[in-house]
Each structure stands twice: as C-alpha cells, then as structure tokens.
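The following note sets out points for a colleague who is reading the structure alongside the sequence. The points are numbered so that each can be checked in turn.

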Amino acid sequence: MNFEVFSLGTSGMMPLPGRFLTSALVRREGSLFLFDCGEGTQVSLKMLNLKWKKINAIFISHMHADHVTGLPGMLMLSSQVDRSEPLYIYGPKRLKEYVDETKRILDMYINYEIVVVPVEPGVVYEEDDFTIQAFELRHTKQCFGYSLVEKPRKGEFHPERAMELGIPKGPLWGKLQKGERITLADGREFGPEDVMGSERSGRKFSYVTDSLYFPEISDYVHDSDLLFCEAMFENALEETATEKKHMTAGQAATIARDAEVAKLCLQHYSPRYSNAELRILENDAKEIFPDTVLTKDRMCFEIPLKD
C-alpha cells in the first residue's frame, strides 16, 4: 500500500528560479491530496508526471496569496480534461468567497462541481482507512495545519496457529480474519485473538506552515512518520520570526523532537536565502533534530508500512 509525499514547492512569500511556492501532494493508493496551491504548483505536477486531474481534494492552510494563487489555473485546467468528479477544497471561511469571485471575475468555464468546505479543528475528511485532521495554527490570518492519519490495521494472520488449533483451512480462516468468532464441529470456539497478531499502527503525515511557534503544535503532529514544517528563518532571526508570526528552523526542529516524529522536512523558506544559503537553516535544525531534510522542490518521500 503506497504512501508517497511530493514537495511541489518550498519557497515562502514569492517564487524564485528553481523554487516554487510552498505546496505538497500526497499520493496514497491512487488517491491524490494537495496541500496548498501557490504559483508553480501546476508546473511541478507536470514535471513529476502526476495526474493532477485525479486530485481528490485540496487543503488550503490560509488565505495569503503565496498559498492560493495557483488555484485559478488549477481549476481552469481541470475543466479542459473533462473532469467529471466533484473537486472538494477545504480551508478557512473566506476560501469560498475567493473561489466564487475568481470564477466570476475571470468568467471561468468549469464543467464539474466545486465544493468548498469551511474548516474547523478536528476531522475534516474521512475514508474507511484514514482521516485528514485539521488543527489551528497562529498566524496573521486564520491558519490551519493538517495531518493525514491512517487508522490502525488488523494484525497479521498466523496460519500455523490455526493449524495447531485444528482449525481447517478454508472459509473459517476467512471469518477469523474478518474479526468473526467461529465454532468447530467438536464444539470448540475460537476468536480472531487466537490466530491474529497485534493490531498494527497506521502511518501519519503532517503539514505545518505559516505559524508562530507554540509547543502544542507537537501534540497535533505527534508520532508523524513525516512532518513538513516551515523554516522561514535561521535561529539568529528568532525575533523577526516572532514578529512576523513565522518559525525558525530550530523551532521546527524542536517541534519534531518533542513530537517524536520519524523525519522532519523543512520547507517555506524566506526569499532572503539563496539556495546555497539554505544550509544555514539545515544546520540550525540538525543541531536539535538530526533526522532533518532540507527539502527541495520535487523531492519525493515514501512512508513504508509499519510492521
């Protein structure tokens, strides 16, 4: 069961040569979920040969231009490929106004349904085996972070245990794997706990950008296998970060350490840093959380299944 995360852009405030505005795409079992949609999103999708017309839903963190200005082009492009499924877009309350007014002013031809859903903290999207949860951040506008969280998976079936217990191979094995209890011809009863291993944890991806640092972020992203977190400034500019309600690389690393995440991917860099100068941010973060990646545009990260 594949679970991949693509960094489509890593720049904050303005796109730069070789650095598009911050956005990420999750591909999980054929489903695509886009997080933010700044300028350049379409270009990265095309360069990665990702089927953007199959995007199931888009999740917007907040209503600043560098996170939403890629939406109009995305919406118009989708209509040119005869998309038939509704496109769900989740985000702050003013997102619907932005989408509706953009469609009106640009006189967009849209041949599919667009459903804009205002976000509140908690589960905002759910399928049988995973949820997408929103949590409030602290920025100059209403802002949300998101986590895609898989539900726990059933334990592994152990056929050798079933055979030792005298349970004949066939439909009874299937019933046990479905969580049902069975009764053998000799009257003995067995349940899934007799032949199944322990429940296995699901995987988790978290996306955090544009926020003042506060410790509770670690609670929201706890146990993430992969955390995309903004690192707008170097540690020496913490006062500037606080004033602008952004984070330093060291603060992103502190969140990762306290949340016990597996891997931290820095993103949303200030345009004051050239690509070469981004090493300053990487070094600041790695002093606190060694398993840090200085994320670049179009990097791909795979989250493997847990045993």
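1. Among the contacts in the protein chain with a separation of 6 or more, 65% are between residues 24 or more positions apart; contact means heavy atoms within 4.5 Å. The model is a predicted one, in which local features need pLDDT of at least 70 and side-chain atom pairs count only at pLDDT 80 or more, while totals for chains, interfaces and linings use all residues. Residues are numbered from 1 along each chain as its sequence is written, and side-chain values use heavy atoms, with hydrogens and water left out.

2. The protein chain has 307 residues, of which 51% count as buried. Buried means under 20% relative accessible area, exposed over 50%, and partly exposed in between, with a 1.4 Å probe and protein chains only. The secondary structure comes to 10 helices and 16 strands; these are DSSP runs, helices being H or I of at least four residues and strands E of at least two, numbered from the N terminus. The C-alpha trace spans about 75 × 50 × 35 Å along its principal axes.

3. Aspartate 210 deserves attention at the outset. This residue is found in the loop between β12 (204-208) and α7 (217-220). Because its relative accessible area is 2%, aspartate 210 counts as buried. Aspartate 210 nevertheless has no salt bridge, and the nearest side chain of opposite charge, lysine 141, is 11 Å away. For this purpose Lys and Arg count as positive and Asp and Glu as negative, whereas His and the chain ends are not counted. A salt bridge is a side-chain nitrogen of Lys or Arg within 4 Å of a carboxyl oxygen of Asp or Glu.

4. Which side chains make polar contacts with the side chain of aspartate 210? The side chain of histidine 62 does so at 3.1 Å, and that of histidine 139 at 3.4 Å. A polar contact is a pair of N or O atoms within 3.5 Å; within protein, one must be able to donate a hydrogen and the other to accept it, and residues adjacent in sequence count only if both atoms are side-chain atoms. Leaving aside residues up to four places away in sequence, aspartate 210 touches several residues, including His67, Cys143, Glu230, Lys245, His246 and His268.

5. Backbone geometry should be inspected at two aspartates. Most residues other than glycine have a negative phi. Aspartate 210, however, has a positive phi near 60°. Aspartate 36, also not a glycine, has a positive phi of about 70°. Aspartate 36 is placed in the loop between β3 (31-35) and α1 (41-47), and it counts as buried because its relative accessible area is 0%.

6. How many salt bridges are there? The count comes to 14. Arg28, Asp129, Glu150 and Arg203 are linked in a network of them. Arginine 94 pairs with glutamate 97, with the closest N and O atoms 3.0 Å apart; arginine 94 is exposed at 55% relative accessibility, while glutamate 97 is partly exposed at 41%. Aspartate 258 and arginine 257 also form a salt bridge, their closest N and O atoms being 3.0 Å apart. Here aspartate 258 is partly exposed at 37%, and arginine 257 is partly exposed at 44%.

7. A further salt bridge joins glutamate 282 to lysine 286, with 3.4 Å between the closest N and O atoms. The two residues are separated by about one helical turn because they are 4 residues apart in helix α10. Is glutamate 282 buried or exposed? With a relative accessible area of 9%, glutamate 282 is buried, whereas lysine 286 is partly exposed at 35%.

8. Helix α10 (residues 279-286) also packs with another helix. Its axis and that of helix α9 (residues 249-259) come within 8 Å and cross at roughly 35°. The contact is made by Ala249, Gly250 and Ala253 of α9 and by Leu281, Asp284 and Ala285 of α10. Axes are lines fitted to C-alpha atoms, for helices over the stretch in contact, and angles run from 0 to 180 degrees between N-to-C directions.

9. Arginine 272 lies in the loop between β14 (264-267) and α10. At 47% relative accessibility, arginine 272 is partly exposed. Arginine 272 touches Phe233, Leu237 and Glu277, not counting residues up to four places away in sequence. Its C-alpha is 9.5 Å from that of methionine 232, although the two residues are 40 apart in sequence.
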